[in-house]
Amino acid sequence: GRVKVVEGNFTNYNVYLSRPVQLGTSVIVTLSVIPGEISVVIPQSSSMEFTYSGNTAWNVNRSVAIRVEPNNLVDFERTHVVTHSVVSTDPNYNYNYRVIPGGGGPVLPPVNMTIVVQDDDGLGVFASKAA
């Protein structure tokens, strides 16, 4: 995915799974960012667990909120990536995924969210597509 945000502001998006998790197994999604550039506000731990049912059920959207940190530099439009690393104990998530050496369950390829940062420190005009 891709979102635009002005430096110093917040944006949010949802994370969800495409298929059910087997009973008794889980999928852990961990967010990684460049410290000092992007802050993860929600979830507070930067990780989300998806299970078969309940509040952590596989089909419950999880909100992610990030903040682009202000830096008082004229550095124009730039991009950062929020990486979502996935580890699962569900054997159904083994298909086309690599396994962590030494155990720990299968690892899915990371899913990235590109953050297009619009600078707020210089003069400029922003244009965006109307909703």
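This briefing covers the fold, charged residues, backbone geometry and surface of one chain. The model is a predicted one. The chain contains nine strands and zero helices, and 36% of its 131 residues count as buried. Three salt bridges are present in the structure.

**Fold and overall numbers**

- Along the sequence, the order of elements reads β-β-β-β-β-β-β-β-β.
- Among the contacts in the chain with a separation of 6 or more, 73% are between residues 24 or more positions apart.
- About 7900 Å² of the chain is exposed, and 55% of that area is supplied by carbon and sulfur atoms.

**Salt bridges around Arg78**

- Arg78 pairs with Glu7 in a salt bridge whose closest N and O atoms are 2.7 Å apart.
- Arg78 belongs to strand 7, while Glu7 sits in the loop between strand 1 (2-6) and strand 2 (10-15), so this salt bridge ties together parts that are 71 residues apart in sequence.
- Both partners, Arg78 and Glu7, are buried.
- Arg78 also meets Asp75 in a salt bridge, with an N to O distance of 3.0 Å.
- Arg78 counts as buried because its relative accessible area is 14%, under the 20% limit for that class.
- Asp75 has 22% relative accessibility and therefore counts as partly exposed.
- Through shared partners, the salt bridges join Glu7, Asp75 and Arg78 into one network.

**Salt bridge between Glu69 and Arg67**

- Glu69 and Arg67 form a salt bridge in which the closest N and O atoms are 2.7 Å apart.
- The two residues fall on either side of the 20% limit for burial: Glu69 is buried at 17% relative accessibility, whereas Arg67 is partly exposed at 23%.

**Arg62, a buried charge with no salt bridge**

- Arg62 is located in strand 6 (residues 62-68).
- Arg62 is buried but has no salt bridge.
- The nearest side chain of opposite charge to Arg62 is that of Glu49, 7.6 Å away, and a salt bridge would need a nitrogen to oxygen distance within 4 Å.
- The side chain of Arg62 does reach Glu49 by another route, with the backbone oxygen of Glu49 at 2.9 Å.
- Leaving aside residues up to four places away in sequence, Arg62 touches Tyr13, Asn14, Val15, Met48, Glu49, Phe50, Asn55, Thr56 and Ala57.

**Asp119 and its backbone contacts**

- Asp119 lies in the segment after strand 9 (106-118).
- Asp119 counts as buried because its relative accessibility is 8%.
- A polar atom of the Asp119 side chain lies 3.2 Å from the backbone nitrogen of Phe76.
- The backbone nitrogen of Asp121 is 3.3 Å from a polar atom of the Asp119 side chain.
- Asp119 and Asn71 are 48 residues apart along the chain, and their C-alpha atoms are separated by 9.2 Å.

**Backbone geometry**

- Most residues other than glycine have a negative phi, and most peptide bonds are trans.
- The peptide bond from Ile42 to Pro43 is cis, with omega near 0 degrees.
- Pro43 occupies the loop between strand 4 (38-42) and strand 5 (47-50).
- Ser46 is also in the loop between strand 4 and strand 5, and its phi is positive at about 70 degrees although Ser46 is not a glycine.
- Asn72, likewise a residue other than glycine, has a positive phi near 55 degrees.
- Asn72 is placed in the loop between strand 6 and strand 7 (78-88).
- With a relative accessible area of 69%, Asn72 is exposed, because that class begins over 50%.

**Nonpolar surface**

- Phe10, Val41 and Ile42 make a nonpolar surface patch of about 260 Å².
- Ile42 is part of strand 4 and precedes the cis peptide bond to Pro43.
- Ile42 has 42% relative accessibility, so this patch member counts as partly exposed.

Conventions
Residues numbered from 1 in each chain as written. Predicted model: local features only at pLDDT ≥ 70, side-chain atom pairs only at ≥ 80, totals over all residues. Heavy atoms only, no water. Helix = DSSP H or I, 4+ residues; strand = E, 2+ residues; numbered from the N terminus. Buried < 20%, exposed > 50% of the residue type's maximum accessible area, 1.4 Å probe, protein only. Contact = heavy atoms within 4.5 Å. Areas by Shrake-Rupley, 256 points an atom, 1.4 Å probe, with all protein chains shown as cover. Lys, Arg positive; Asp, Glu negative; His and termini not counted. Polar contact = N/O pair within 3.5 Å; in protein donor to acceptor, adjacent residues only side chain to side chain. Patch = residues over 30% accessible without salt bridge, like charges linked within 9 Å, V, L, I, M, F, W, Y side chains within 5 Å.
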